[in-house]
Amino acid sequence: MNKAQLPYPSLLIEDTDLVVGPKSAIIVTLTSGKKLKGRLVEFLPDAPTIAVAGKDGDKLVIHLGLIKTLTFPTKRNKNIRKPVLDESQGVEMPPCSQPFKIVFNDGNEVEGETLGYRPDQYGLHLFPLVDQDRFIQTFYSHRAIKHYQVGEFLGELLLKKGLVTESDLQQAVDTQSSDRKQQLGDYLLSNAIVSSEDLQKALLRQRSMPNMRLGEILVSEGLADEAQIEEALSAQKEDRGRPLGEILVSQGVVEQVDIQRSLAKKLGIPFINLADYQIPPDVIERLGEGIVRELEVIPIGMFEGRLVVAMENPMDREAIEVIRFNSNVTVEAVMADASGIRKAIDFYYSAAAGSEFSDLDLEDSDDALDDESGDQAEDQSVSDNLVVKMVNKIVIDAHAQGASDIHIEPYPGKSKTMIRFRKDGSLMEYVQLPSQYKNALVARIKVMAQLDISEKRRPQDGKIDFKKFGPLKIELRVATVPSAAGLEDVVMRILAAGEPIPLEKLGLGRHNLDRIKKLISRPYGMIFVCGPTGSGKTTTLHSILGHINVPERKIWTAEDPVEITQVGLRQVQINPKSGLTFAGAMRAFLRADPDVIMVGEMRDKETTGMGIEASLTGHLVFSTLHTNSAPESIVRLLDMGMDPFNFSDALLGVLAQRLAKRLCSECKELYHPDESELKGLLDEYCSDMSAEDGVIPQKRVLAEWREHFVDEKGQFTLYKAVGCEKCGDTGYVGRLGLHELLVSSDDIKRAIIGKMPIVDLTRLAMREGLRTLLQDGIEKVLQGATDIHCVRAVCVK
């Protein structure tokens, strides 16, 4: 053990007779306020202890964690070391002493003049003046110090030099004070460990920290006094199984985060950010799910043959002993947030309870993994059972969170594998998995989708019937895409079986709802629903079919895939591999006495031509198109080679739609827009409109808005996103539809026959009552359902 060399003021000529050392007189002030007098025997900060001999000569060893100050009261003469200076250089001699101020954790302060100072890893050495010629030596433990200042304060110095005013100085002090009010949770998060390398360094550092009890730590930090600790210890004697920290929290003495910060600061116990920490799969298998859930702990790694376990209270000896017994290895406890531990347990351990895997043949997967080499060889450590649970957990969580797609994105080398969910149209990170999982994860999904697991050079498509592997009756459409470094990305679309939404609850505005009901009541004709992928076209079509689904009608549908089922519909799953295409299904339907035909998508000229022919021969035909607007759909179909005369006769209408994010009803915040914001919305709404009867559109539209959207005070009310627990702090929950309905009229039919340009066709449709997607979106902004940012995000002109 190294003995510390106590410093001597560098400003002074060293007096060997008065240098502090063994047998020097000493006064020890403890954090409790008690003082001990004696003579120094040895100072061993690495231990970390100090040994003092009392009057009777008995040696007393004191832990540095209990010490506030060490004072060596022998008064010594100051003998200033005079440097040789060239006066012509105008060098200013530093002062012989400097002011100092120390603020302790218990709130007490000390200030004076010192002949210099020496900070080190154990504390602060000062040499306070007792009079003009003499000084003493003191040591202040860094565990007792909140903060200190030696020398003139910067503010006072600037003020003295005339560089700032008193008001400037006060404003700066106020700002500094607010900055110091850092939340304890923020302190832990800013110092959190997110990698195994950082964890190993922290554990090595921890060895040099003192071994103190929780009560001593809280007292030294000024978070509790000795009386409160004694009371809590008395309560613990009555309930032996209850940790001291839990008792102190229940008594209101401290908060849990106070304990965590103190342990991290005083004992150097690492705090782990589990959200970003990679836990190796072989470590997870060292503790069973039952024990980690019961104790709320999770294993995160191995360090020098010991199992490193994250827990909220790393001083819970009983829990550590249970873990040691179950794992049969020595346990190293580190800290983590309780909610983070629970989330990690749910992710790494959760799987569908009772799921049956009897239909799954894992032999091919095992062989594939065994044959892999190089970067992929690391997957050897990943057990089949763990990967099975992992994939099930990902799918179950995606479905529970309302995600439409699952993206699995592996990266080369030791980089993590990113897993993201598409929720409400936006991709959101779900989790990052250690690199060991990447190949086994993809291989497992390929096996489930009955794809060729040995083929990595070309894209593959397949489907997973998840009810064979888990408790959910859903299908997943799987697409694999080769990516850099010989890896593969996987995207899975969740095809959840669902019931059709009633037409009245589809979110259609009253104007569009009345017009669409009139169209679908016609006995024959053709209606299109258009929009990009994921805009809700299939949902809208099934809502329409559900509205007209009566026993008097025969309804055939051709879909790929069949996502929504309805009693009364005869639904056909398209299977191109067996030769059943949309065109083939249409031909079969025309021989099967249909009243209504729904075709999932008009992809080619043959299918579209058959749809027009069917509508002209007395059938009501529905289909979808991937176009951006209702007028554009008409131009697209004419460009496909449709006969304008037949097409104009067959067309009843085109409904274009988008899905915009819906504001969270729990946290959205209302406000009244000012004139400039309202004018901006009005100009945007009327950008494609023209004057009617000499009245500019803004005046006419504003009058309509005042009739429908103002409150009793005549004010417009808008809402903005805030964020809460329900919406995951995004401010949005779910989506709502924006619609644009073009109804075929005599003028529209003539425009189709004449192949009118899309701009002119749009203006004609607007004069006949079409409201664009943007206009419908702005009306829903005025209703408080969404905000203009979400509308603009999906309504691109």
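In this predicted model, the axes of helix α22 (residues 675–685) and helix α23 (residues 697–708) come within 10 Å of each other and cross at roughly 115 degrees. The crossing of α22 and α23 is right-handed. The points below describe this helix pair, then an open sheet of seven strands, the helix α25 and the residue threonine 627.

**Helices α22 and α23**

- Two packed helices are described by the angle between their axes and by the distance between those axes.
- On the side of α22, the contact is made by Leu678, Leu681, Leu682, Asp683 and Tyr685.
- On the side of α23, Gln698, Val701, Leu702 and Trp705 take part in the contact.
- The residues of this contact of α22 with α23 comprise seven nonpolar, one polar and one charged.

**The open sheet**

- The seven strands of the open sheet follow the order β23-β22-β24-β25-β21-β26-β29, and their pairing is mixed.
- β23 (569–573) and β29 stand at the edges with a single partner strand each, so one side of each has no neighbour in the sheet.
- From one strand to the next, the twist averages 20 degrees.
- Strands of a sheet pair through backbone hydrogen bonds, in either a parallel or an antiparallel manner.
- Strand β24 (residues 596–599) and β25 run parallel and are joined by four bridges.
- Valine 596 stands opposite leucine 620, which belongs to β25.
- Helix α16 (residues 510–520) lies across β21 (525–530), β25, β26 (651–663) and β29.
- The direction of α16 is at about 60 degrees to β29.

**Helix α25 and its surroundings**

- In helix α25 (residues 758–767), the buried residues are Leu761, Leu764, Ala765 and Met766.
- The elements that cover these buried residues include α20 (630–639), β29 (732–743), α24 (746–753) and α26 (773–782).
- β29 therefore appears in two settings: it is an edge strand of the sheet, and it is among the elements covering the buried residues of α25.
- Glycine 769, just after α25, takes a positive phi of about 115 degrees.

**Threonine 627**

- Threonine 627 is placed in the loop between β25 (620–625) and α20.
- Is threonine 627 buried or exposed? Threonine 627 is buried, because its relative accessible area is 2%, and buried means under 20%.
- The side chain of threonine 627 makes a polar contact of 2.6 Å with the side chain of serine 633.
- Leaving aside residues up to four places away in sequence, threonine 627 touches Cys530, Gly531, Pro532, Glu632, Ser633, Arg636 and Arg658.

Definitions and conventions:
Residues are numbered from 1 along each chain as its sequence is written. This is a predicted model: local features need pLDDT of at least 70, side-chain atom pairs count only at pLDDT 80 or more; totals for chains, interfaces and linings use all residues. Side-chain values use heavy atoms; hydrogens and water are left out. Buried means under 20% relative accessible area, exposed over 50%, partly exposed in between (1.4 Å probe, protein chains only). Contact means heavy atoms within 4.5 Å. Axes are lines fitted to C-alpha atoms, for helices over the stretch in contact, and angles run from 0 to 180 degrees between N-to-C directions. A crossing is left-handed if the near helix is turned anticlockwise from the far one by less than a right angle, and right-handed if clockwise. Ala, Val, Leu, Ile, Met, Phe, Trp, Tyr, Cys and Pro count as nonpolar, Asp, Glu, Lys and Arg as charged, and the others, Gly among them, as polar. A polar contact is a pair of N or O atoms within 3.5 Å; within protein, one must be able to donate a hydrogen and the other to accept it, and residues adjacent in sequence count only if both atoms are side-chain atoms. Two strands pair if DSSP finds at least two bridges between them.
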